[in-house]
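Me: I would like to learn how to read this structure feature by feature, beginning with the general idea each time and then turning to the case at hand. Could we start with how the elements are named?

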There are 2 protein chains.
Amino acid sequence: MNENHPSVPARDDESTARGISRRHFLKRSTGLAGAAAVAAVPVAQAADGVPAWMQTPGKPLSTGGAPSRFEAKTGRIVTAGYGAIAPGTGSSRTPLHLLEGTITPSAFHFERHHNGVPDIDPAQHQLLIHGLVQRPLAFSLEALARYPMVSRTCFVECSGNSSGNTQPKPPQANVAVIHGLLSVSEWTGVPLGLLLDEAGVTPGADWLLAEGADAAAMSRSVPLTKAYEDAIVALYQNGERIRPEQGYPMRLLLPGWEGNMNVKWLRRLKVTQGPTHTKDETSKYSDPLPDGRAEQFTFLQEVKSVITRPAGADRLPGAGWYEITGLAWSGRGRIRRVEVSTDGGATWREATLQGPVLAKSATRFRLGWQWDGQRTVLQSRATDEHGYVQPTRAVWQARYAPTMRYHNNTIQSWEVAANGSISNVYL
Amino acid sequence: MNENHPSVPARDDESTARGISRRHFLKRSTGLAGAAAVAAVPVAQAADGVPAWMQTPGKPLSTGGAPSRFEAKTGRIVTAGYGAIAPGTGSSRTPLHLLEGTITPSAFHFERHHNGVPDIDPAQHQLLIHGLVQRPLAFSLEALARYPMVSRTCFVECSGNSSGNTQPKPPQANVAVIHGLLSVSEWTGVPLGLLLDEAGVTPGADWLLAEGADAAAMSRSVPLTKAYEDAIVALYQNGERIRPEQGYPMRLLLPGWEGNMNVKWLRRLKVTQGPTHTKDETSKYSDPLPDGRAEQFTFLQEVKSVITRPAGADRLPGAGWYEITGLAWSGRGRIRRVEVSTDGGATWREATLQGPVLAKSATRFRLGWQWDGQRTVLQSRATDEHGYVQPTRAVWQARYAPTMRYHNNTIQSWEVAANGSISNVYL
């Protein structure tokens, strides 16, 4: 293959970690290697001449940038507002169908608010640690800045994500509408255990109450074990101060646990014995079982994946080579494997995972696919490092009562019709 | 230590990879362990009552978010505009002094433009691959979307970054003004080698000419070896489409090489034999030597680090515990080690590196420091996985002519005065 490139050294001895090995790359992209140009146009047909924007000086330097005016379609999808009664109550979704890589731009991180986004003056905001502690303490932003920090790149997923697929008929919508209550950020802040040690947790304490400074005073109970394992009081999101919709000036971050527990606008941590049974964890966020009981405090977001392209509401222009790509994540740790089926689950192939594969973060997967133009169904199935495998819809449904809406981590099935249109189906 | 937490299991057997081990954490934060609260306020002195923003419903859901109005100070620093003649010629710098973690928000990625930011209609833009190829091809955005993609989280650094420190007297400014021509993004796009293979590079070809669609038609020569090693045609930045100031709708990404070569608004790749010697690589971006000759095509950004906090123009409120933190990076690969001196280079301690430590990306380092209130000098020194060590200013200066302004990767020295004010000094 290198006979065309006498100056290019043979690449088989190169580490794939340092870059893409071309041979491996082509091998992986089954169906692309040896094919003619997938979609490029011979130059005779290409546009000619110097474009208008090269004939005039461009825009000046600026203190802050914004997306191109041609990308105005990329925005959160506001799917529930409960009308004029409470326009700040509901959710908006990350436009997964228009994004690539793994980081979610902070502007497009999903929202789930219980009474809107408070406009907090950071100079007036404090984090109180009280309850079963030796020294109740209040931390200003300035005080927290004096503590050591850590970063955690992880996903936050609403436990109600993908609940559309619990309905009797599959909703016909794009991947963002169905699965867009999922976002990934690099969060940076102070380890919660360090702050608790400053206050001095007293014997017998084993839970926390975490309360936000929104008008709903949203509050959840958190076991102290998690607080000491990997929780942080996050102050930064993707490098800058946390955005207002994600908890400015600070939020609780509990990597891998349901989004609601990552309390935004964090104002108070009360150390307790046992959980507090707040309104937010009794009226919501519990999981009904077939026998009439309900599971409570089911915090983990289990292993899951979804194909983001090609996906619901897309339309393939015709038979040929496509890259299937999507995201996989597990609240338990790292993704070990993502398998993709292009025949409705009859056979599975292992997708390539984009490194670094981080614990409790989302991992992008990719697999080349030669579509023959016939009707078929695309699926992805993730396995995490603990061996947990993403369940089918039937297996998951059997575990719960029909009213169950949370923690839906089932395999998504996208049907590709012969005309290329893609729809949501249950298999 | 766990006698206060009977419900918390002992943590020595837990993997630090899964989270912060509390004991290790406290051990590392020398001087903090066993101390009273660093900066928290006992609750008797804390603010009382329910804040105003909890007494009224918050703001509604939205399609896109923005930073808090209280963070308006966080913005790029426009340091050179060459007046009214060409307001789009010059640079603006990433506010490193106000950011945390490693990702640079796309809005604050540094700028270096040669004739402003073009306003490109993506439907009218094409990437042409021509020259010594078998099949000249033009790729639309739609065409590129049909190819397999990869992500590379890496730094882009202007080769003129830190040139202020080549002046005879150290400039008195914050870390962003001196070192802010450095940013980190997750870039996603199509491997360049794949597109070159589509066009079919002919025997004897060994370089590329890459040209941008700005009014300066900025162009640089790139060896084909790099094109096949890890170059991509980047279409996405931190999840979303590349921002206009970073090359919308596409840029060349050459991980670890000087920023200027990562040609923005990429419109043309001409495969050549030997470099083209464009105006942008002869009038600029070459390195004068003591003997009157100049090194050309010095592409690598060598190993470097800088303390971002506490740093120039900061003022420490008084003696006590501080976390020293900053960024380290190398165009050759991964950072192996960052050492920090708090006594002007007399002794060095190894800082903690925040994982994942990625090749050709920036790695954040942290080290606890107990300041005794006396005058001292803070420094950081990075070593990469190939054993390259960041040089002192004296060693670096001896290599070049006094007019050398590029590739300044020397150790930064921050002097802390007894009154806590921090200034830039040469040691």
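Reply: Helices (H or I, at least four residues) and strands (E, at least two) are DSSP runs, numbered from the N terminus. Counted in this way, the secondary structure of chain A comes to seven helices and 25 strands. Residues are numbered from 1 along each chain as its sequence is written, while chains are lettered from A and ligands numbered from 1 in the order in which they are written. This is a predicted model, in which local features need pLDDT of at least 70 and side-chain atom pairs count only at pLDDT 80 or more, whereas totals for chains, interfaces and linings use all residues.

Me: How should I read the relation between chain A and chain B, and which C-alpha of chain A is nearest the axis?

Reply: Two copies of a chain are related by a rotation about an axis and a shift along it. The copies are superposed by least squares on the C-alpha atoms of residues with pLDDT of at least 70 in both. Here a rotation of 180°, with 0.0 Å of shift along its axis, places chain A on chain B with an RMSD of 0.0 Å, and that is the relation of a two-fold axis. Within chain A, the C-alpha nearest the axis belongs to A:P356, at 3.7 Å from it. Both copies use the same surface, since 100% of the contact residues of chain A recur in chain B.

Me: How many residues does each chain bring to that contact, and how do those of chain A divide by class?

Reply: Two residues are in contact if their C-beta atoms, placed from the backbone, lie within 7 Å. By that rule chain A gives 124 residues and chain B gives 124 residues. On the side of chain A, helix α5 (residues 224-229) supplies the largest share, namely four residues. For the classes, Ala, Val, Leu, Ile, Met, Phe, Trp, Tyr, Cys and Pro count as nonpolar, Asp, Glu, Lys and Arg as charged, and the others, Gly among them, as polar; the side of chain A that touches chain B then has 59 nonpolar, 40 polar and 25 charged residues.

Me: Which strands pair between the two chains, and in what order do the five strands of the open sheet in chain A run?

Reply: Two strands pair if DSSP finds at least two bridges between them. Strand β1 (residues 41-42) of chain A pairs with strand β6 (residues 137-139) of chain B in the antiparallel sense, over two bridges, and A:P42 has B:L137 as its bridge partner. The open sheet of chain A runs in the order β20-β19-β23-β24-β25 with antiparallel pairing, and its edge strands, each pairing on one side only, are β20 (349-350) and β25 (422-425). Strand β24 (residues 413-416) of chain A meets β25(A) over four antiparallel bridges, with A:E415 standing opposite A:S423.

Me: How is chain A divided into domains, and which element of domain 1 gives the most to the side touching domain 2?

Reply: Domain bounds come from an automatic or database domain assignment. In chain A that gives domain 1 (122-162 + 181-285) and domain 2 (304-425), whose C-alpha centres lie 32 Å apart. Eleven residues of domain 1 are in contact with eleven residues of domain 2 in chain A. On the domain 1 side, strand β7 (residues 150-157) of chain A gives the most, with three residues, and that side as a whole has six nonpolar, five polar and no charged residues.

Me: Is helix α4 of chain A buried or exposed?

Reply: A residue is buried if 20 or more other C-beta atoms lie within 10 Å of its own, exposed if 12 or fewer, and partly exposed in between, with C-beta atoms placed from the backbone. Eight of the eight residues of helix α4 (residues 192-199) of chain A are buried, so this helix is largely enclosed by the rest of the structure. The charged A:D197 and A:E198 are among the buried residues. After α4(A) comes A:G200, with a positive phi near 80°.

Me: Where should I look for unusual backbone geometry?

Reply: Most residues other than glycine have a negative phi, and most peptide bonds are trans. The peptide bond from A:G355 to A:P356 is cis, with omega near -5°, and A:P356 lies in the loop between β21 (352-353) and β22 (362-371) of chain A. In the corresponding loop of chain B, between β21 (352-353) and β22 (362-371), B:K360 has a positive phi of about 60° although it is not a glycine, and B:K360 is buried, with 24 other C-beta atoms within 10 Å.
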